[in-house]
Amino acid sequence: DCNGKSLLHAPSSLPSNITDLDLSFNSLVVPRHGTLLMDFPSLRSLNLSSNALLVLSPAVFSNLGALRLLDLSSCSIAYLHTDAFKGLGNLHTLLLRNNSLQELEVPFFLPLKALLYLDLQHNALVSVDTLSLQLMEAVPQVRLEGNPWVCDCSARSLQQWLQRRQAVQVTCASPPELRGSAVAALDSQDLGCWMKQRFPRGVSTAQQITVTLSNTTTPPAGKGGRSWPYLVGFLVAAIGISILIALAAKCKLFHKNFASYRHRPLPETSSIGGSPMEDSSSWDRDSSGQGASKNHPMPDAGHLQAEDDDGFIEDNYIQPSEQLPEEEERELHLSI
């Protein structure tokens, strides 16, 4: 028992085979390199509480392979090196309460294979990452009370971890509306995760966690996921333009064919059953015998030509060279 002696180093007069050592309430100087207690390999319990140990150097306890309990409470520790507890494979109890830890580095848990009790009460922890929580799953007892936990959506993993452990003593420090509330009793909406739940109230917590994590980890659909409406629109526009072009071509052809086959009958000038030639000869006879020149004047050439045209074209008068373009146009119309 060497507590409260204002010691800077462990007394050299102590026997090397001691198993329990209390060096609390001293002013021990931690070496930057090497180990703290090189001459005591048989230690099973070491109390270093209330010493101004600001920084623990790497492997500072590496020669204490038999250590079971390590008390580092109230040592103003603000940072733990990743190799601070290297060599403590048999450590069962680690007390880190009343320090200034703001975050937990994941690797510092790795050497502590046999850890059964971890005390992190009354530090400055505001959040803890998911990997550290997974490593702490193997520790039967973990104390996290008295830390200024921020209860926002980043505390979702901590809330689930505390629910599984039924730890209701861990409370929120912020935001103000949740100050003093048990973290384990909150849900995703209380933590600010305003995701719409797609499951009924009766669904178990594990299923809710699965759905929430799957929704939050799904990458947002980028331009590739939203490109199909543009592709459909492009195809519809291309098809519509093709149809309009085909209709325009067909309409032009229709008007051309309609204009070529449209007939308008000429005014009738001959009598019923008579032919233009017969009318002409009868007119000559009447004019010579009865002096009908006064009553029937001589028609001009244009009038005779009009009388001779009945408005219809005989097929025999159409030359083969004229029929060929019409047949080609008709075949083109049918193909379209």
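Helices (H or I, at least four residues) and strands (E, at least two) are DSSP runs, numbered from the N terminus. This report describes a predicted model, in which local features need pLDDT of at least 70 and side-chain atom pairs count only at pLDDT 80 or more, whereas totals for chains, interfaces and linings use all residues. Residues are numbered from 1 along each chain as its sequence is written, and side-chain values use heavy atoms, with hydrogens and water left out.

**Overview of the chain**

The chain contains seven helices and 10 strands. Of its 336 residues, 28% count as buried, where buried means under 20% relative accessible area, exposed over 50%, and partly exposed in between (1.4 Å probe, protein chains only). The chain exposes about 21700 Å², and carbon and sulfur atoms supply 57% of this area; accessible areas come from the Shrake-Rupley method with a 1.4 Å probe, and for residues only the protein chains shown count as cover. Contact means heavy atoms within 4.5 Å. Among contacts between residues at least 6 apart in sequence, 52% join residues at least 24 apart.

**The sheet**

Six strands form an open sheet with parallel pairing, in the order S1-S2-S4-S6-S7-S8. Two strands pair if DSSP finds at least two bridges between them. Strand S1 (20-22) and strand S8 (141-143) stand at the edges with a single partner strand each, so one side of each lacks a neighbour in the sheet. From one strand to the next, the twist averages 0 degrees. Within the sheet, strand S4 (residues 69-71) runs parallel to strand S6 (residues 93-95), and three bridges join them. Leu 69 has Thr 93 as its bridge partner in S6.

**The nonpolar core**

A nonpolar core is a set of buried Ala, Val, Leu, Ile, Met, Phe, Trp, Tyr and Cys residues joined through side-chain atoms within 4.5 Å. The largest one has 58 residues, of which Leu 46, Leu 48, Phe 61, Leu 70, Leu 72, Phe 85 and Leu 118 touch the most other members. Helix H1 (130-136) and helix H2 (156-165) are the elements that give two or more residues to this core, and H2 gives the most, with three residues. At least three residues come from each of domain 1 (1-115) and domain 2 (133-194); the domain bounds come from an automatic or database domain assignment.

Leaving aside neighbours within four places in sequence, Leu 46 is in contact with Leu 21, Leu 37, Phe 61, Leu 64, Leu 67, Leu 69, Leu 70 and Asp 71. In H2, the buried residues include Arg 156, Leu 158, Trp 161 and Leu 162.

**Backbone features**

Most residues other than glycine have a negative phi, and most peptide bonds are trans. The table lists three residues with positive phi.

| Residue | Phi | Place |
|---|---|---|
| Ala 59 | near 55 degrees | loop between strand S3 (55-56) and S4 |
| Asn 98 | near 55 degrees | loop between S6 and strand S7 (117-119) |
| Gln 166 | near 55 degrees | following H2 |

Asn 98 counts as partly exposed, at 37% relative accessibility. The peptide bond from Ser 174 to Pro 175 is cis, with omega near 0 degrees. Pro 175 lies in the loop between strand S10 (172-174) and helix H3 (205-217).

**The segment before S1**

Pro 11 is found in the segment before S1. Not counting residues up to four places away in sequence, Pro 11 touches Cys 2, Leu 23 and Phe 40. Pro 11 and Leu 23 are 12 residues apart in sequence, and 9.9 Å separates them in space, C-alpha to C-alpha.

Notes. Axes are lines fitted to C-alpha atoms, for helices over the stretch in contact, and angles run from 0 to 180 degrees between N-to-C directions.
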